[in-house]
Amino acid sequence: EKNQPATHKLAHWIVIKDCKLPKLAVRYIRSKLLRLENCEIEEAYLSNSQLDALEIINTRIHRHLDLRNTQAKTQRVEIATRAHLGALGRVERLEGSNVKLMPKE
């Protein structure tokens with residue numbers, strides 16, 4: 001499609017650690033690894049990506065999580081569930097994705 005960014009380049013690793021962000025937008029990427037570790041993020045847009053490995057460790061995504069059409073060959077996803085985030089919860093968009101959200105114990 002004309003308006004879609006190219007996804008032909010492969011990033012080796014994308015690691016984001018120890019941060020507090022109002023918004024994270026990492027869309028249309030190909031990467032061996034995308035890791036979010038020890039982060040507080042209000043809104044995370046990680047859609048339309050092809051990943052060898054996705055790791056979300058000790059990270060809270062509060063208001064919006066968009067993983068539409070993202071495929072990860074392996075995954076370690078440990079995030080607080082909507083129920084743990086309070087009454088407002090979080091909007092989760094997972095259509096077309098193989099990512100499974102597992103609550104952090």
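Strands, the elements from which this chain is built, are DSSP runs of E at least two residues long, numbered from the N terminus. In this predicted model, the elements run β-β-β-β-β-β from the N terminus on, and the secondary structure comes to 0 helices and 6 strands. Of the 105 residues of the chain, 38% count as buried, while the accessible surface comes to about 6,500 Å², with 49% of that area belonging to carbon and sulfur atoms. Among contacts with a separation of 6 or more, 23% are accounted for by residues 24 or more positions apart.

**The nonpolar core**

In soluble globular proteins, nonpolar side chains tend to be buried together. Here the largest nonpolar core has 21 residues, of which Leu-24, Leu-36, Ile-41, Leu-46, Leu-54 and Leu-65 touch the most other members. At least two residues of this core are supplied by each of β1 (10-25), β2 (30-45), β3 (50-66) and β4 (71-79). Leu-46 illustrates the pattern: leaving aside residues up to four places away in sequence, Leu-46 touches Leu-24, Val-26, Leu-34, Leu-36, Leu-65, Asp-66, Leu-67 and Thr-70.

**Salt bridges**

A search of the whole structure finds 8 salt bridges, including the three tabulated here with their N to O distances.

| Basic residue | Acidic residue | N to O distance |
|---|---|---|
| Arg-63 | Glu-43 | 2.1 Å |
| Arg-68 | Asp-66 | 2.7 Å |
| Arg-90 | Glu-92 | 2.7 Å |

The bridge between Arg-63 and Glu-43 links distant parts of the chain, since Arg-63 lies in strand β3 and Glu-43 in strand β2, 20 residues apart. Glu-43 counts as buried because its relative accessible area is 15%, below the 20% cut-off for that class, whereas Arg-63, at 47% relative accessibility, is partly exposed. Both residues also belong to a network of salt bridges that takes in Glu-42.

In the pair formed by Asp-66 and Arg-68, Asp-66 is buried at 3% relative accessibility, and Arg-68 is partly exposed with a relative accessible area of 28%. Asp-66 is also one of the residues touched by Leu-46. Arg-90, the partner of Glu-92, is buried with a relative accessible area of 5%.

**Loop residues with positive phi**

Which backbone angle sets Asn-48 and Asn-69 apart for inspection? Phi of Asn-48 is near 55 degrees, a positive value in a residue other than glycine, and phi of Asn-69, likewise positive, is near 60 degrees. Asn-48 is found in the loop between β2 and β3, and Asn-69 lies in the loop between β3 and β4. Asn-48 counts as partly exposed at 23% relative accessibility, as does Asn-69 at 42%.

How values were computed:
Residues numbered from 1 in each chain as written. Predicted model: local features only at pLDDT ≥ 70, side-chain atom pairs only at ≥ 80, totals over all residues. Heavy atoms only, no water. Core = buried A, V, L, I, M, F, W, Y, C linked by side-chain atoms within 4.5 Å. Buried < 20%, exposed > 50% of the residue type's maximum accessible area, 1.4 Å probe, protein only. Helix = DSSP H or I, 4+ residues; strand = E, 2+ residues; numbered from the N terminus. Contact = heavy atoms within 4.5 Å. Areas by Shrake-Rupley, 256 points an atom, 1.4 Å probe, with all protein chains shown as cover. Salt bridge = Lys/Arg side-chain N within 4 Å of Asp/Glu carboxyl O.
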